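Open the structure in your viewer and keep the selection panel at hand. The stops below say what to select and what to look for.

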Amino acid sequence: MSSARTGVLRRYADFLPLTPDTPRIDLGEGSTPLVRSRHIGPALGVPNLYFKLESCNPTGSFKDRGMVVAVAKALEEGNRAVLCASTGNTSASAAAYAAHCGLRAYVFLPRGRIAPGKLAQSIVYGARIVAIDGNFDDCLRLAREYCERHPVALVNSVNPNRIAGQKTAAFEVVDDLGDAPDFLFIPVGNAGNITAYWAGFQEYAERGLASRRPRMMGFQAAGAAPIVLGHPVDDPQTIASAIRIGNPASWRKAVAARDESDGVIDSVTDAEILAAYERLAQEEGIFCEPASAASLAGFLKRATGAGGLSGATSVCVITGNGLKDPDRAMAVSRRQLDVPASLAAIEAALEAESDSSPV
Ligand code: AN7
């Protein structure tokens, strides 16, 4: 194996739907860190808790793994443009890979519901932004209809090339741990990622590259939990805007992943998501966006309940970078000492708070 770091298309070529004509594009996606918990897991008596930092991908989310395949195949098939509906991360990724390849990108976004960092990405990568007066589910329906009438490749996760690329994250988890974990905790929105991880774990097991499969533990936000409720949610609500989705495209496949793996799809409240978001940053040094914290919130819910996770190996997927949602970050309560530019004033202010003093 070459020591040079390669993107997903080269690293996992044997597992992807590539032909000799598929352009081997590469923005440095994949090969993301698997970091062992130093505080949260041990504090709960779980020594083997890991975080898969998909936030380290080129556009700051897991979407890049599937997008590199979808855009490469769109190019191979002669398309000049790609289109997606998005809560923000898919659009950022589509815009970046389209720019990399000289394709046009059209992104259908729910107006006013995209975290500012994600919108900034689509703007700067040069996508044609269509801000729709509706929610994500409206955007996806309209994107599908638009692509039926116009020569544009749809690069949402209903495109099987997206799932094919995204499953490589499961391969990496097994490659790094030496086998599949016992539990895989993952946020669920449109349900493409849980579908892809399950496909990846199954494929590795079938090829003899893993001796077992994990239990898939998916978590929706309580105000946007159609799979948990068993029916679509017309007006989904959650601070985790990435997973504010009321009618997931891969619903059936997510349920299959849950049932085939003896897993669960459960919900976590916004309060649980925000508590996990702050703990991950303050106890592990990992800054994720709120939707990503649903995986840790789910882990905490199970680990503190009658879950029995202590002897198991668990992986929480950290799907997106915290910098994407600066508004949420700035809403975290903090102590800030406002002082004049004087060392004496700084010392006096810090010493007035015993726990802030460095000595
Ligand atoms: C950070 O970008 O649906 O269950 O349009 O951005 O595969 O949808 C994003 C989803 C989790 C949920 N974490 O994954 C979009 C979009 C983050 C996300 C999810 C998303 P899926």
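Contact here means heavy atoms within 4.5 Å. The model is a predicted one.

**Stop 1: helix H11**

Select residues 251–260, which form helix H11. Which residues of this helix are buried? They include Trp251, Ala254 and Ala257. Because these residues cover an arc of only 125° around the axis, they sit on the same side of H11. Now turn to the other side of H11, where Arg252 and Glu260 are exposed.

To see what the buried residues of H11 pack against, add helix H9 (192–206) and strand S8 (215–221) to the selection. Helix H10 (226–229) and strand S9 (264–268) are also packing partners of those buried residues. Then step just past H11 to Asp262, which has a positive phi of about 60°.

**Stop 2: salt bridges**

How many salt bridges are there? The count is 19, and a few of them are worth selecting one by one.

Start with Glu76 and Lys73, whose closest N and O atoms are 3.0 Å apart in a salt bridge. Both residues belong to helix H3 (residues 63–76), and they are three residues apart, about one turn of the helix. Glu76 is partly exposed, at 26% relative accessibility. Lys73 is buried, with a relative accessible area of 9%.

Next select Glu289 and Lys118, where the salt bridge has an N to O distance of 2.7 Å. This pair links distant parts of the chain, 171 residues apart. Glu289 is in the loop between helix H12 (270–284) and helix H13 (290–304), while Lys118 is in helix H5 (residues 116–124). Are these two side chains' residues buried or exposed? Glu289 counts as buried at 3% relative accessibility, and Lys118 counts as buried at 1%.

Move on to Glu203 and Arg207, a salt bridge in which the closest N and O atoms are 3.3 Å apart. Glu203 is buried, its relative accessible area being 16%. Arg207 is partly exposed, with 43%.

To finish this stop, select Arg11, Lys52, Glu54, Arg65, Glu172 and Asp175 together; salt bridges link them in a network.

**Stop 3: cysteines**

A search of the whole structure for disulfides finds zero. Select Cys56, which is in no disulfide: the nearest cysteine sulfur belongs to Cys288 and is 12 Å away. That distance can be set against the cut-off of 2.5 Å between sulfur atoms that a disulfide requires. Cys56 counts as partly exposed, at 45% relative accessibility.

Now select Cys288, which is also in no disulfide. The cysteine sulfur nearest to Cys288 is that of Cys316, 9.9 Å away. Cys288 counts as buried, at 0% relative accessibility.

**Stop 4: the ligand**

Select the ligand and the 23 residues around it. Which of these come nearest? They are Asn89, Thr90, Ala191, Asn193 and Thr319.

Three polar contacts can be checked with the distance tool:

- Ser86: an N or O atom of the side chain is 3.0 Å from an oxygen atom of the ligand.
- Gly192: a polar backbone atom is 3.2 Å from an oxygen atom of the ligand.
- Thr319: a polar side-chain atom is 2.7 Å from a nitrogen atom of the ligand.

Key: Residues are numbered from 1 along each chain as its sequence is written. This is a predicted model: local features need pLDDT of at least 70, side-chain atom pairs count only at pLDDT 80 or more; totals for chains, interfaces and linings use all residues. Side-chain values use heavy atoms; hydrogens and water are left out. Buried means under 20% relative accessible area, exposed over 50%, partly exposed in between (1.4 Å probe, protein chains only). Helices (H or I, at least four residues) and strands (E, at least two) are DSSP runs, numbered from the N terminus. The arc is that of the directions from the helix axis to the C-beta atoms. A salt bridge is a side-chain nitrogen of Lys or Arg within 4 Å of a carboxyl oxygen of Asp or Glu. A residue is near a molecule or strand if one of its heavy atoms lies within 4 Å of it. A polar contact is a pair of N or O atoms within 3.5 Å; within protein, one must be able to donate a hydrogen and the other to accept it, and residues adjacent in sequence count only if both atoms are side-chain atoms.
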